[in-house]
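This report considers one helix and the aromatic side chains around it. Please keep the sequence and the structure in view while reading.

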Amino acid sequence: MPMMINFTKMHGLGNDFMVVDNTSGDISFSVEQIAHLSDRHFGVGFDQLLVVESSTSPEVDFRYIIYNADGSEVAQCGNGARCFARFVREKGLTQRNPIVVETHSSVISLQINTDNTVRVDMGRPSFEPDSIPLVVSEVQPTYNIEGFEMGILSMGNPHCVLLVEEVSTLDIANIALKVQNSSALPSQANIGFMQIVNRNEIKLRVYERGSGETLACGSGACAAVVHGVKQGLLDERVCVHLTGGDASIEYLNNDSVFLSGPATFVFDAQVEI
């Protein structure tokens, strides 16, 4: 039986989301419904669907469920986390700050700043092949996948980071699809293309699994900076220039990664599912 649901359209640096309050637990989405809703001609149009759910843990404020445009569930989304924080505050679901949120892969902390930007504690990166997952015999600083050298790590979701000389003219879709379809990446990965401007500044484009190239990818920005720091190419605080705008990343080697940036409301509406 079709039902009408309320939703909010938001974006973080152009990475756009449909956000739904499901703290009552009475809404469920099929893969087909999500793919239809994500369509920019026949649906709402979004890169990811963010669903706010209640948590059963007294130490956690909410559960944070993320679906890609193709209906597949993913474990982490940094730009979405910032929008999630502003959504639950502006909709009166909580007055806490920071807000503690449980994702599919971890528990993260979201701090809303006085200027309404949000600082997200994304946790520590993992380089263990099983956590990515990555089919290799041992951990290495870089890997050669389908003829391309890259760093590979998990920020709660899998990322490959390729260093390039000029990111603006690169055909990233062609390269990203080759890497994503490698047998070494059984769950695929998000593919980031990083151009280093200086030790505190990079340019980045990301081809996300399940969504294609997006205007911004928060976890991808974190992964790129982590790889750059590990390679000795970047300092601990970096401005990441994404297609949709700038994000700030802080990474003290072997510690947590912090992502800061805006979260913007676009409109509220209803849709039938």
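Helices are DSSP runs of H or I with at least four residues, numbered from the N terminus. Just after one of them, α2, glycine 92 takes a positive phi of about 75°. The model described here is predicted.

**Helix α2**

Helix α2 comprises residues 78-90. At 1.5 Å a residue, its 13 residues should span 18 Å, and the end C-alpha atoms are 19 Å apart, which agrees. How many of the 13 residues of α2 are buried? The number is 11, so the helix is largely enclosed by the rest of the structure. Among the buried residues are Gly78, Ala81, Cys83, Phe84 and Val88.

**Aromatic contacts**

A pair of aromatic rings is described by the distance of the centres and the angle of the planes. The count of aromatic pairs comes to 3. In one of these, phenylalanine 62 and phenylalanine 84 meet edge-to-face, with 6.0 Å centre to centre and 70° between the planes. Phenylalanine 62 belongs to strand β4 (residues 62-68) and phenylalanine 84 to helix α2, so this pair ties together parts that are 22 residues apart in sequence. Ring pairs also join Phe62 and Phe84 with Tyr64 in a cluster.

Both partners of the edge-to-face pair count as buried, since the cut-off is under 20% relative accessible area:

| Residue | Relative accessible area |
|---|---|
| Phenylalanine 62 | 6%, buried |
| Phenylalanine 84 | 0%, buried |

**A charge over a ring**

Elsewhere in the chain numbering, arginine 119 lies over the face of phenylalanine 258, at 3.9 Å from the ring centre.

Technical notes: Residues are numbered from 1 along each chain as its sequence is written. This is a predicted model: local features need pLDDT of at least 70, side-chain atom pairs count only at pLDDT 80 or more; totals for chains, interfaces and linings use all residues. Side-chain values use heavy atoms; hydrogens and water are left out. Helices (H or I, at least four residues) and strands (E, at least two) are DSSP runs, numbered from the N terminus. The expected span of a helix is 1.5 Å times one less than its number of residues. Buried means under 20% relative accessible area, exposed over 50%, partly exposed in between (1.4 Å probe, protein chains only). Rings of Phe, Tyr and Trp (its six-membered ring) pair if their centres lie within 6.5 Å; planes under 30 degrees apart count as stacked, over 60 as edge-to-face and the rest as tilted. A charge sits over a ring if NZ of Lys or CZ of Arg is within 6 Å of the ring centre and within 35 degrees of the ring normal.
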